[in-house]
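Hi,

Here is the structure I promised to pass on. Have a look at it first, and then read my notes underneath.

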Amino acid sequence: MAEAYDNRRSRYLTVKAAVPPSVMWAQRNNVIFLTICLEDCKNPEIKINNDKIYFHGVGGTEKKDHEVTIPLFKEIDPEKSVKCVRDRNIEMVLKKKEDDGPYWPHLMKDKKKYHWLKVDFNKWKDEDDSEDDVGQSEDLEEMMRQMGGLGGGGGSDSKPTFDDLEPESDSDDEELPDLE
């Protein structure tokens, strides 16, 4: 928050500045996975450019204003990149301009560390790891389905049902012996 002095009314005004949301990222040779961790963000403004990502939205438990511009280390292909707005986060798969290029040493152009930017170790694979799962498909929409569906961007919006699950018995269902 910043304060500004209002000369006409001789008082200080509190100006609320937008804060950056928590952002996680991972990569493969041909894509960047970017997750903006902001719950209940309705109608966010997301701009995917070839050299930067812009996000603005209101969300979280306190319904705060969040905004961030991420200048990318190298260029991406905005036309082949996809995004999916979910209830708990916003996921993006950004197609690198260089197919099968080397891994980026960091996400952003500058080498600074930001408190809101973290590595997504659940999606991370090292350059020398086998690449036979999510991340090597040229069809980014199929890749998003493998990650858990497209949500609002294509695919079905139906909720999963548990009708096909068989009830299992476990040791908690057994009778307890009487105490002496």
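Strand β6 (residues 52-59) runs antiparallel to β7, and 8 bridges hold the pairing together on paper. Strands here are DSSP runs of E with at least two residues, helices are H or I runs of at least four, and both are numbered from the N terminus. Two strands pair if DSSP finds at least two bridges between them. One spot to click on is Gly57, whose bridge partner in β7 is His66.

Before you go further: this is a predicted model, in which local features need pLDDT of at least 70 and side-chain atom pairs count only at pLDDT 80 or more, while totals for chains, interfaces and linings use all residues. Residues are numbered from 1 along each chain as its sequence is written, and side-chain values use heavy atoms, with hydrogens and water left out.

Back to that sheet. It is an open one of 3 strands in the order β5-β6-β7, with antiparallel pairing. At the edges sit β5 (45-48) and β7 (64-71), each of which pairs on one side only. From one strand to the next the twist averages 5°, taking axes as lines fitted to C-alpha atoms (for helices, over the stretch in contact) and angles from 0 to 180 degrees between N-to-C directions.

Val68 is worth a look in β7. Is Val68 buried or exposed? Val68 is buried, with a relative accessible area of 6%; buried means under 20%, exposed over 50% and partly exposed in between, using a 1.4 Å probe and protein chains only. Leaving aside residues up to four places away in sequence, Val68 touches Pro20, Pro21, Ile53, Tyr54, Phe55 and Trp116, where a contact means heavy atoms within 4.5 Å. Ile46 is 22 residues from Val68 in sequence, and their C-alpha atoms are 9.9 Å apart.

Now the charged pairs. How many salt bridges does a search of the whole structure find? The search gives 8, a salt bridge being a side-chain nitrogen of Lys or Arg within 4 Å of a carboxyl oxygen of Asp or Glu. Three of them to check on your screen:

- Lys47 with Glu45, the closest N and O atoms being 3.2 Å apart. Lys47 is partly exposed at 42% relative accessibility, and Glu45 is also partly exposed, at 34%.
- Lys64 with Glu62, at 3.4 Å from N to O. Lys64 is partly exposed at 42%, whereas Glu62 is exposed at 59%.
- Asp120 with Lys123, with 4.0 Å between the closest N and O atoms. Both of these residues are buried.

Asp120 and Lys123 also belong to a network of salt bridges that links them with Arg86 and Glu91.

Glu91 takes us to strand β9 (residues 90-96), where 7 of 7 residues are buried. Ile90, Met92, Leu94 and Lys96 point one way from β9, Glu91, Val93 and Lys95 point the other way, and all are buried. Which strands does β9 pair with? Strand β4 (residues 31-37) runs antiparallel to β9 and is joined to it by 6 bridges, with Thr35 standing opposite Glu91. Strand β8 is likewise antiparallel to β9 and joined to it by 6 bridges, and here Lys83 stands opposite Met92. A hairpin through 4 residues connects β8 to β9.

One oddity before I stop: Asp77, in strand β8 (residues 76-85). Asp77 is buried yet has no salt bridge, and the nearest side chain of opposite charge, Lys80, is 4.2 Å away. For charge, Lys and Arg count as positive and Asp and Glu as negative, with His and the chain ends not counted. A polar atom of the Asp77 side chain does lie 3.2 Å from the backbone nitrogen of Glu79. Beyond residues up to four places away in sequence, Asp77 touches Lys95, Lys96 and Lys97.

For the overall picture, the protein chain has 1 helix and 10 strands, in the order β-β-β-β-β-β-β-β-β-β-α along the sequence. Buried residues make up 34% of its 180 residues. Of the contacts between residues at least 6 apart in sequence, 60% join residues at least 24 apart.

Cheers

Technical notes
A polar contact is a pair of N or O atoms within 3.5 Å; within protein, one must be able to donate a hydrogen and the other to accept it, and residues adjacent in sequence count only if both atoms are side-chain atoms.
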